[in-house]
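Please work through the exercises below with the sequence and the coordinates open beside you, and try each task before reading its solution.

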Amino acid sequence: MKSIAITGGSGLVGSRLKELLYSRFNFIDITSEKLDIREATAARDMLSSLECDAFVHLAAYTDVDGAERDPEAARLLNVEGTRNVYEPIHERGIPFVFFSTDFVFDGENPPYTEYSSRNPISVYGRTKAEAEELVEEDGCIIRISYPYRAAFEKKRDFIRTLKTHLEQGRPLSLIEDSVVTPTFIDDIAAVLSRLLTEFKPGIVHAVGASSHTPLEIGHAIADKFGYDSSLISPTSYKAYFAGKAQRPRRSRILPSLGFATGMRTLDEGLNALMVHPDAKEL
């Protein structure tokens, strides 16, 4: 069984990937308690002798609005932290998988494929784009978008946030003039499993097979789970993000052909949440 070192393994995405792939790979958690990846010397000391068959890097500063207020903190973790773990792993010839985001695009000219040019419009997006540039020659970049799952106590994803509001009878104001691409995390696990088995450098878009406005997503959740759709009202991108970091407005991302196969549409993902929300393995 291959041993896979992983940062960010306790987060929304990482914890689910480990849960689904535990029988296929032996995961070695590089937690923040074990290593502060912002410290170059400490990272080199640990990783120069770490025994692993591949390295998966998920740890990141993901507070999009917080990055605007403290760009140095975002850059230190997302750029320097990535550099600090990539360089000693790359020097040893160990496959490196880096998780990135659709926020490296500006949202002006969709759809986006792995061949589209980066043009981030936020501090967060710029730090992730810069990190991509560090690893893209010999590493594999997996871009994901609005990941969601059935349950995770530490953090609510976009889909579960909307679902909880509707379940509790709370009103929702959702954007009607922007597009996002929600991605079922279980499908990302299948892509990662294949990459760890058939590693090759490059960029892979492991994203959902359909894109929607947030308003459409809210109504889809209400219809699927039997909630009151009258709680949902439309708003504009400009009004919703006034005073906040800018997000890609039309973030229609396409899954990578021939590699990210079987990515579910939103409707299929919501069905999966209803049918087998507690699945523990692929």
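The exercises that follow concern a predicted model, and each task is paired with a worked solution.

**Exercise 1. Find which residues of helix α10 are buried, and explain how they are placed around the axis.**

Solution. Begin with residues 266-275, which form helix α10, and pick out those with under 20% relative accessible area; the buried residues are Leu266, Gly269, Leu270, Ala272 and Leu273. Next, consider their directions: they cover an arc of only 155 degrees around the axis, which puts them on the same side of α10. This fits a general rule, since an α-helix has 3.6 residues a turn, so residues three or four places apart point the same way. Finally, look at what lies over these residues, where the cover includes β6 (147-148), α6 (158-167), β8 (183-184) and α8 (214-225).

**Exercise 2. Describe the second largest pocket by its volume and its lining.**

Solution. The volume comes to about 230 Å³. Of the 13 residues that line this pocket, Ala150, Ala151, Arg160, Lys163 and Thr164 are the closest to its centre. Sorting the lining of the second largest pocket by element shows that α6 provides the largest share, with four residues. Sorting the lining by character instead gives six nonpolar residues, one polar residue and six charged residues.

**Exercise 3. Decide whether Asn78 and Phe96 are buried or exposed, and list what each one touches.**

Solution. Take Asn78 to begin with, which sits in helix α4 (residues 71-91). Its relative accessibility is 2%, so Asn78 counts as buried. When residues up to four places away in sequence are not counted, Asn78 touches Ala60, Tyr61, Tyr124, Thr127, Lys128 and Ala131.

Turn then to Phe96, in strand β4 (residues 96-101), which is buried because its relative accessible area is 1%, a value under the 20% cut-off. With neighbours within four places left aside, the contacts of Phe96 are Phe55, His57, Val85, Tyr86, Ile89, Val135, Gly139, Cys140 and Phe199. One of these partners, Gly139, is 43 residues from Phe96 in sequence, although the two C-alpha atoms are 5.0 Å apart in space.

**Exercise 4. Work out which elements supply the largest nonpolar core, and where Leu17 fits in.**

Solution. This core has 30 residues, of which Leu17, Val56, Phe99, Ile142, Val191, Leu192 and Leu196 touch the most other members. At least two residues of the core come from each of β1 (2-7), α1 (12-21), β2 (25-29), β3 (54-57), β4, β5 (140-144) and α7 (185-197), and α7 gives the most, with seven residues. Leu17 itself, not counting residues up to four places away in sequence, touches Phe27, Leu58, Phe99, Ile185, Ile188, Ala189 and Leu192. Apart from the largest core lies another one, of 19 residues, among them Phe184, Leu215, Ile217 and Leu231. As a general tendency, nonpolar side chains in soluble globular proteins are buried together.

**Exercise 5. Inspect the backbone at Pro111 and at Tyr146, and report what you find in each case.**

Solution. Pro111 lies in the loop between β4 and α5 (123-135), and the peptide bond that leads from Pro110 to Pro111 is cis, with omega near 0 degrees. Tyr146 belongs to the loop between β5 and β6, and its phi is near 45 degrees, a positive value in a residue other than glycine. The relative accessible area of Tyr146 is 21%, so this residue is classed as partly exposed.

Terms used: Residues numbered from 1 in each chain as written. Predicted model: local features only at pLDDT ≥ 70, side-chain atom pairs only at ≥ 80, totals over all residues. Heavy atoms only, no water. Buried < 20%, exposed > 50% of the residue type's maximum accessible area, 1.4 Å probe, protein only. Arc of directions from axis to C-beta. Contact = heavy atoms within 4.5 Å. 1 Å grid on protein atoms, 1.4 Å probe; cavity = no way out; pocket = protein on both sides within 12 Å on 5 of 7 lines; lining within 4 Å. Points joined across faces, edges and corners; volume = space filled by probe spheres on them. Nonpolar A, V, L, I, M, F, W, Y, C, P; charged D, E, K, R; others polar. Core = buried A, V, L, I, M, F, W, Y, C linked by side-chain atoms within 4.5 Å.
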